[in-house]
Amino acid sequence: MWFRDNAWVPTPRLLGLTAVGAMVTLVAFPWDPRGWTPLLCLLTGLILSIVDLLSLHRYGKVELKRSHPAFFEIGEENRVELTVRHQAPHPVRCILRDDFPQGFQVSRREMELTLSPGESAGTEYTIRPHRRGIHRFERIHARVSGCLGLWMRQQSADGGEEIRVYPRLKEVRRVRGGIYKKQLSTEGPHVRQGPGRGSDFSHIRDYVPDDEPRLINWTATARRGKLATNVYQPEQGQHVAILIDCGRVMGVKDGELTRLDRAVEAALAFAAIALERGDRVSLLAFSNRLLRWVPPGKGHSQLQRLVEACFDLEPEFVESGYRMAVETLGFRQKRRALVALFTDAGNLTFADELRSQLAVLRRRHLVMTVTIRDPLLDRERNLLPRETGEVYRKSVAEEVKEERTDRMNLLKRRGTVVLDVRPGQLATSVIHQYIEIKNRALL
């Protein structure tokens with residue numbers, strides 16, 4: 001290990017010159033029985049090697065530096081740049097390797113660049129994290145060539161640092177950018193009628209033919225000399241509680257992401273749209289015990305607290321304690337709220353317990369369950385069987401799907417808002433469901 005970062009390595013050029021010297025010696029041997037030719041080749045190679053080694057000893061040390069974004073996102077390509085600085089008066093060839101966190105996918109494991117005399121240069125690669133949480137970069141390794149390119153000096157720099165891998169924040173940025181703002185607006189000819197108009201007064205505007213007569217503001221009409229209409233918006237400042245199940249069923253993987261990865265991504269997007277509307281958002285993460293609790297809050301600072309609280313959540317290999325989660329929420333959430341539970345509501349193993357606890361929640365809150373469909377189940381149902389085993393698998397998949405659908409419909413009939421969507425559509429589906437709830441003034 002002592003030689004790992006303090007070694008002198010021959011280059012292919014030196015090995016090639018050695019092979020050429022050996023061939024010259026063999027060819028010249030019949031005409032040079034005294035051996036002057038191999039001696040001359042040996043001395044020449046030795047002198048060149050000494051010159052190259054002396055240049056490496058004097059100018060072979062380089063400065064290595066790593067730069068990257070403040071945080072990474074799971075499943076996304078993140079850029080990492082390596083910078084090399086040297087003081088040699090001659091061009092330097094450098095080969096770099098980085099000790100990235102174990103399991104991460106990188107575009108290039110080894111990078112090569114040539115530096116002009118006395119200058120610095122950089123190269124970059126992309127890294128794709130496979131897990132959320134805190135991970136660690138270690139040392140940066142480099143091999144630097146001498147002035148003749150016969151030897152390389154191996155060295156390293158202490159680049160140890162911790163980095164944070166967050167869930168995908170694409171939908172959060174879309175929310176912050178105002179992508180969904182128009183869908184939450186109730187102004188214009190496409191106003192939802194009846195309960196869809198909300199109850200908070202917003203402003204007065206000119207009457208349009210699609211407006212309800214009971215919305216006409218007669219005082220403003222008399223003052224303006226033309227019809228004027230009151231505009232209402234969905235209520236603001238209400239409470240939203242997010243419950244994230246971190247039990248074993250949420251550890252099932254779909255591709256490179258687990259159900260919990262997608263649930264955290266969707267929960268943060270949901271929190272972002274609720275905070276944009278002025279709601280107070282809280283978060284409770286649980287397995288068979290309480291993992292995280294973020295009290296209700298408003299504004300951008302609350303969104304940051306939510307991100308920091310759940311970015312490193314991991315599924316635990318235990319059964320989910322729904323009763324514990326509901327009792328904890330009931331103790332800490334006194335006011336009526338929209339409760340969004342991210343779990344597998346169609347799971348047949350503990351569906352009875354979940355149903356009974358949702359009934360407890362519905363006494364005070366509006367409850368929404370968010371469930372990810374199983375792509376494997378859909379593939380088996382859509383399979384065209386050609387063998388007996390495939391017929392059995394398709395039959396079992398149909399039966400499981402039917403029973404799962406029955407349990408979802410039972411929750412709907414009892415007043416729970418149920419979302420059962422494909423993995424890649426979870427975040428957007430939750431946002432659109434929240435918008436529908438607010439525009440219909442259900443909360």
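**Exercise 1. The two sides of a helix**

In this predicted model, which residues of helix α1 are exposed, and where do they lie relative to the buried ones?

*Solution.*
Step 1. Start with the exposed residues: Pro12, Leu15, Met23, Leu26 and Val27 of α1 each have over 50% relative accessible area.
Step 2. Now look for residues under 20%, the cut-off for buried. In α1 these are Leu14, Gly21 and Ala28.
Step 3. The buried residues cover an arc of only 60 degrees around the axis, so they sit on the same side of α1. The exposed residues named above are on the other side.

**Exercise 2. What covers the buried side**

Name elements that cover the buried residues of α1.

*Solution.*
Step 1. Find strands β1 (7-10) and β11 (151-157) in the structure; both are part of the cover.
Step 2. Add helix α2 (36-59), which is also included.

**Exercise 3. The length of α1**

How far does α1 reach from its first C-alpha to its last, and what is expected?

*Solution.*
Step 1. Helix α1 runs over residues 12-28, which makes 17 residues.
Step 2. At 1.5 Å a residue, the expected span is 24 Å.
Step 3. The helix reaches 24 Å, close to that expectation.

**Exercise 4. The whole chain**

Is the protein chain a compact globule or more spread out?

*Solution.*
Step 1. Take stock of the elements: the chain has 11 helices and 22 strands.
Step 2. Compare the radius of gyration, 33 Å, with the 22 Å that the globule rule gives for 443 residues. The value is well over the rule, so the chain is more spread out than a compact globule.
Step 3. Look at the dimensions too: the C-alpha trace spans about 115 × 70 × 45 Å along its principal axes.

Definitions and conventions:
Residues are numbered from 1 along each chain as its sequence is written. This is a predicted model: local features need pLDDT of at least 70, side-chain atom pairs count only at pLDDT 80 or more; totals for chains, interfaces and linings use all residues. Side-chain values use heavy atoms; hydrogens and water are left out. Helices (H or I, at least four residues) and strands (E, at least two) are DSSP runs, numbered from the N terminus. The expected span of a helix is 1.5 Å times one less than its number of residues. Buried means under 20% relative accessible area, exposed over 50%, partly exposed in between (1.4 Å probe, protein chains only). The arc is that of the directions from the helix axis to the C-beta atoms. Contact means heavy atoms within 4.5 Å. The radius of gyration is taken over C-alpha atoms; the globule rule is 2.2 Å times the number of residues to the power 0.38.
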